[in-house]
Every structure is written in C-alpha cells, then in structure tokens.
Amino acid sequence: MSHFVGDKEFFPGIGKISYEGPDSDNPLAFKFYNPERRIGNKTMREHLRFSVAYWHSFCAGGTDPFGSPTLQHPWRGSDPMAAAAMKADACFEFATKTSMDYYCFHDIDAAPEGGTVEETERNLQLVTKMLKERQKESGVKLLWNTANMFSHPRYMNGAATNPDFHVVAYAASQVKAALESNVELGGANYVFWGGREGYFSLLNTDMKREQEHLARFLMLARDYGRKIGFTGTFLIEPKPMEPTKHQYDFDAATVIGFLKAWGLDQDFKLNIEANHATLANHPFAHELQVCADAGLLGSVDANRGDPHNGWDTDQFPTSIYDAVEAMMIILKYGGLGTGGLNFDAHLRRSSTDPEDLFLAHIGGMDTFALGLMIADELIREGKLDAFVQQRYASFDEGEGKDFEAGKLTLEDLRNYAVRRGAVQKRSGKQEMLENYLNQVIFRTRK
Ligand code: XUL
Ligand code: CO
C-alpha cells in the first residue's frame, strides 16, 4: 500500500515511520511509540489517539511578528482550490506515514474563505468532499474541526461576544457550515476556542451582556448540531489571554462554572491545551485534574509553552514529567473518550527541513507513549494512590466519615477538637514522593 494519497508525494524519501525501540539510532523511528503494544486493556494507539493539526503543519509558514515565512509549502501561490487539494493530500500523507489516526482543522485552514457567506459555504462543502474521499482512502479520521472566528478583521472585537449583532450572525454562519462539514466527515468532536471572546477595556465593554450572548450562541450551535445528527462532544478550549487581553474562557475552572451556569455541561466538555495552562499560571496537570474531577475532560491539545515568556509558543511536547502526570490523570479518568491528543504545535521558524515536521511529531508521540508506560506502572504499583488514601484516612471512619456524609454540625466538630486535644503533625512527604517519581521514570525499561 502506498503511504500517500493523490498523485504527488509531498514528503519523498520518508517512508512509514516504524517502531525501532529505545536503542535505535534512527531519528526517523519511534523509540517508545509502538502503536499495537498493549498497555492494560488497550493498545497504545487506542489510548493516545494522536492527531495532526492542519493549521500548524500545513498552513503556517514560520512567520513571526518580525519576519516573513521561512517554509516554502509547495501549494503557496497556487489557485486556492488547487492549494486546498494539495494541502489535503499532504495532510493525509503525513498522518499515514506517522501512524496518526486523526486530524483537526479550522474551516479556513482547509477551504478558502469566499467573498460572501454563500461562497464560503460552497468552498467548505467542496473541500469537505475532498477530505471525505481522503479519509476513506487512508482510514484517518476527524478528531475535531472548528470555525476560525478570530483571524478576519470583522472579528477584531470578538465573534459570539461582538458588540455588533451583524458580526455575531456572521460568526454563526461559519459555525453552521463547520458543523455541517463535521457531520459529513463523521467528526468525533467539535471545538470552540474563543480566540477573541473577551475584552481589552471595561470602559467600552458590557461583560455581562457579552457572556450572555456567548451562552446563547453556544446553545444555538448545540441545538443545530444535534438537529443535523452530530452525536460527538462539543468542546470548549480555555485560554486566559492572547489575542485578547482578558478572555472569558480563562481556565478550566472558569469554563466549568460557565457551562454549569447555563446548563451546557451535558453536551460540552473541555479541550485542555498545555500551553494555555501555562499562560493561566497553572500546571498542565492541574487543568486536566479540574476537568476530570468535574467529569468534563474531553480532549487535549498536546504542546508546551515556555515558562520564561508570556505567550503561546506552541512547541512540541518533550517533558516526560508533564506527560506522566497527564497520562496518570487520563488513565484514572478511564481514557480520553471521544477526545485525543492533538499536536497543536508548530516547528520553530528555523526548522526548515521537510523531515523536521516528522521529527517534531515523532518526539511528541514518543513523549506521550513513554508517559503512558510510566503512568501505567505508577498506577499498577499503587504507591502514590496508597499514600493519598492514607493521608485522608481520618475521613474513612468515625466522625470524619460522618462529616463527609453531612451528619455533623459545627458544634460537633468543635466538641471533637476539644476531645482530641492538640493536633499531631503529619508530614506531606512531598520530597519522598518526588524521589519515587524519579526512581520510576528513570528505571531502565524496554
Ligand atoms: C490557539 C489555539 C487554537 C485552537 C483551535 O491558541 O490553541 O489553535 O486549538 O482554534
Ligand atoms: Co489549541
């Protein structure tokens, strides 16, 4: 079977990436990701559900605020529809060669925006047909799609939260078309990242009204999606800032409160991006745990930020610690469900060899595969869980148990304190647990 679709190979000289194990010297091989290897009751590929992001891998050309593109995509300069077909071919060739089962895209990543609503709709319908054929040919599936409601100047003051109803309606036309495309492609999820849903100054902003509009907009999208047969999960992707100074979907806790306040938590879950957690001053694991505790962990944008600067660097994930912690939470949660690990990450501006895109994804996939293996060992050994359990043991019996069951009054607690006298100190043993984590991470394994 050929590993590319269409007539042209976009990554010649690079074949299907295979698993060669941790001792391999071949940079274009997996060291830890062995798709069919079983970990617990699932294969690695079933646990990890990797996805390639259209926008970073096949659209962005390496620009930054100071410089023009450094990557010469072969479709640049072609007629927009011809370019769309080439990009689609490149995406499916890349996903097939890297054994990635999913892809994600914004409407305008894949299809050119037209001059009118109707033209934009037609373009997306045509491209959806192209994508559907390529999905069939390759077996690669749609993890999620979304509408880009932040790049065009009309969205400079927001989309669903724009102070001008005309813009809100324009945004709705994009979401409607994107949902139709999703249903046609059998998408597993549909994402809302509120790129400019927020504000720069309260001097010109009615925050309450804007948030009410956002809730109303999401309800309409949910109702239309369900009406046309979307059975997947709607996802909100929190981010505290950038491009807007303050964004309404600040972090997981904020989004969960919002979803519950508006009764949206039956249809919506969260898509947690590691770099957005960093910007919100939270560890990646914190955001995942907040979602898991609420039963609303939906999917993950797997990347990393830079702790030394304050913007979204969208680098490929390489931190084993982060991956181990993330995978422990995901495994204990029972897996990602309809979600996956989407590499919302881009190459550095100076990584200009075609193979760099492969190396970046191989690194990210190996990081999470190793994280999965180590998390599984940690959970099976049970030491961390046992420690946490005994730390809370005073709530497992007697008055502690009655307190949890709501059977005690404040006076009862006071009387308990009197009876027990002075409190004995009990160490949290953080350093011991960190040493244990290192011991397990750096244990030799094949
Ligand atoms: C932006 C970001 C987006 C969303 C999809 O920071 O993460 O790419 O994932 O709109
Ligand atoms: Co993202």
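In this predicted model, strand β10 and strand β11 (residues 297–301) run parallel and are joined by four bridges. Within this pairing, E273 has D301 of β11 as its bridge partner. Strand β10 covers residues 268–273, and five of its six residues are buried, so the strand is largely enclosed by the rest of the structure. Strand β10 also pairs with β8, again in the parallel sense, over three bridges. Here F234 is placed opposite F268 in β10.

These pairings belong to a wider arrangement. Eight strands close into a barrel, and their order is β3-β4-β5-β6-β8-β10-β11-β12. The pairing of the strands in this barrel is parallel. On average, neighbouring strands of the sheet are turned by 30° against each other, with direction ignored. Elsewhere in the barrel, strand β3, formed by residues 50–53, pairs with strand β4, formed by residues 102–106. The two strands are parallel and share three bridges. In this pair, A53 faces C104 of β4.

Two residues of the barrel strands illustrate polar contacts made by side chains. The first example considered is T233, which is located in strand β8. T233 counts as buried because its relative accessible area is 10%, below the limit of 20% that applies to buried residues. The side chain of T233 makes a polar contact with the side chain of T338, at a distance of 2.8 Å. The other example is N189, which lies in strand β6 (residues 189–192). With a relative accessible area of 0%, N189 is therefore classed as buried. The side chain of N189 reaches the backbone oxygen of L143 at 3.0 Å.

The backbone geometry of the loops was also examined. Most residues other than glycine have a negative phi, and most peptide bonds are trans. Against this background, the loop between β8 (233–236) and β9 (246–247), in which P243 is found, deserves a closer description. The peptide bond between E242 and P243 is cis, with an omega of about 10°. E242 is placed in the loop between β8 and β9 as well. Although E242 is not a glycine, its phi is positive, at about 70°. E242 counts as partly exposed because its relative accessibility is 29%, a value that falls between the limits of 20% and 50%.

A positive phi is also found at N281, where the angle is about 65° although the residue is not a glycine. N281 lies in the loop between α9 (274–279) and α10 (284–294). Its relative accessibility is 73%, so N281 counts as exposed; the limit for this class is over 50%.

Finally, the surface was considered. F403, L410 and L413 form a nonpolar patch there, and together these residues have about 310 Å² of accessible area. L413 is located in helix α15, which comprises residues 410–420. The relative accessible area of L413 is 34%, and the residue is therefore partly exposed.

Definitions and conventions: Residues numbered from 1 in each chain as written. Chains lettered and ligands numbered in written order. Predicted model: local features only at pLDDT ≥ 70, side-chain atom pairs only at ≥ 80, totals over all residues. Heavy atoms only, no water. Pairing = 2+ DSSP bridges. Axes fitted to C-alpha atoms, helices over the stretch in contact; angles between N-to-C directions. Patch = residues over 30% accessible without salt bridge, like charges linked within 9 Å, V, L, I, M, F, W, Y side chains within 5 Å. Areas by Shrake-Rupley, 256 points an atom, 1.4 Å probe, with all protein chains shown as cover. Salt bridge = Lys/Arg side-chain N within 4 Å of Asp/Glu carboxyl O. Buried < 20%, exposed > 50% of the residue type's maximum accessible area, 1.4 Å probe, protein only. Polar contact = N/O pair within 3.5 Å; in protein donor to acceptor, adjacent residues only side chain to side chain.
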